[in-house]
Amino acid sequence: DPEKVVIWGHSNGGQIALSVLEISQKPIPTTLWAPVTKGFPESVLTYMSQLDDLGVKVKNRIDEFVKDYDPQKFSITNYFENIQAPLQVHQGTADEYIETAWTDDFVGKIKAMGKEVTYFKYKGNNHNLSQDWNQVVFRDLEFFKENLPKK
């Protein structure tokens with residue numbers, strides 16, 4: 001049933017989910033777990049040190065890209081106003097990949113635009129929200145039940 005579609009995104013999948021919402025402008029109920037909410041190219045450059053070559057190849061590609069294109073046109077942070085979906089966001093405060101401040105900032109921007117967002121922080125929890133897994137999944141299921149169209 002195309003009327004009963006939801007999106008769940010985790011980490012980089014959260015950034016992809018936000019892109020889908022911005023492009024489609026559809027009210028698809030969406031939950032985000034520790035989402036990457038930084039814009040381009042910062043969202044890519046932040047993680048380069050984890051690569052075998054410390055991100056040299058990635059940086060070279062980005063340098064080539066910006067010669068021909070304005071990276072701001074490709075950054076999710078410039079299109080948050082296009083999001084028409086209810087959001088639920090989960091963030092662990094001990095996340096080893098996503099800084100809590102990034103998620104706080106994202107949620108603050110979304111709220112300032114008058115958009116619907118529920119935000120949960122989990123003290124001491126990691127990137128996968130392992131310590132509160134059952135609670136997070138329960139909250140997501142309840143969120144989806146509340147936000148799917150009733151027929």
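**Exercise 1.** Find the residue that follows helix 1 and state the sign of its phi.

*Solution.* Go to the end of helix 1, where helices are DSSP runs of H or I with at least four residues, strands are runs of E with at least two, and numbering starts from the N terminus. Next comes Gln25, with a positive phi near 55°.

A quick note on the ground rules: this is a predicted model, where local features need pLDDT of at least 70, side-chain atom pairs count only at pLDDT 80 or more, and totals for chains, interfaces and linings use all residues. Residues are numbered from 1 along each chain as its sequence is written, and side-chain values use heavy atoms, with hydrogens and water left out.

**Exercise 2.** Work out which residues of helix 1 are buried and which side they take.

*Solution.* Step one: buried means under 20% relative accessible area, exposed over 50%, and partly exposed in between (1.4 Å probe, protein chains only). Step two: Gly14, Gln15, Ala17, Leu18, Leu21 and Glu22 come out buried. They share a side of helix 1 because they cover an arc of only 160° around the axis (using directions from the helix axis to the C-beta atoms). Step three: flip to the other side, and Ile16 and Ile23 are exposed.

**Exercise 3.** Trace how strand 1 connects to strand 2, and give the sense of their pairing.

*Solution.* Start with the pairing (DSSP must find at least two bridges): strands 1 and 2 are parallel, with four bridges. Gly9 sits opposite Leu32 in strand 2. Now follow the chain: it goes from strand 1 through helix 1 to strand 2, a right-handed β-α-β crossover (clockwise from the first strand over the helix to the second, with the strands pointing away from the viewer).
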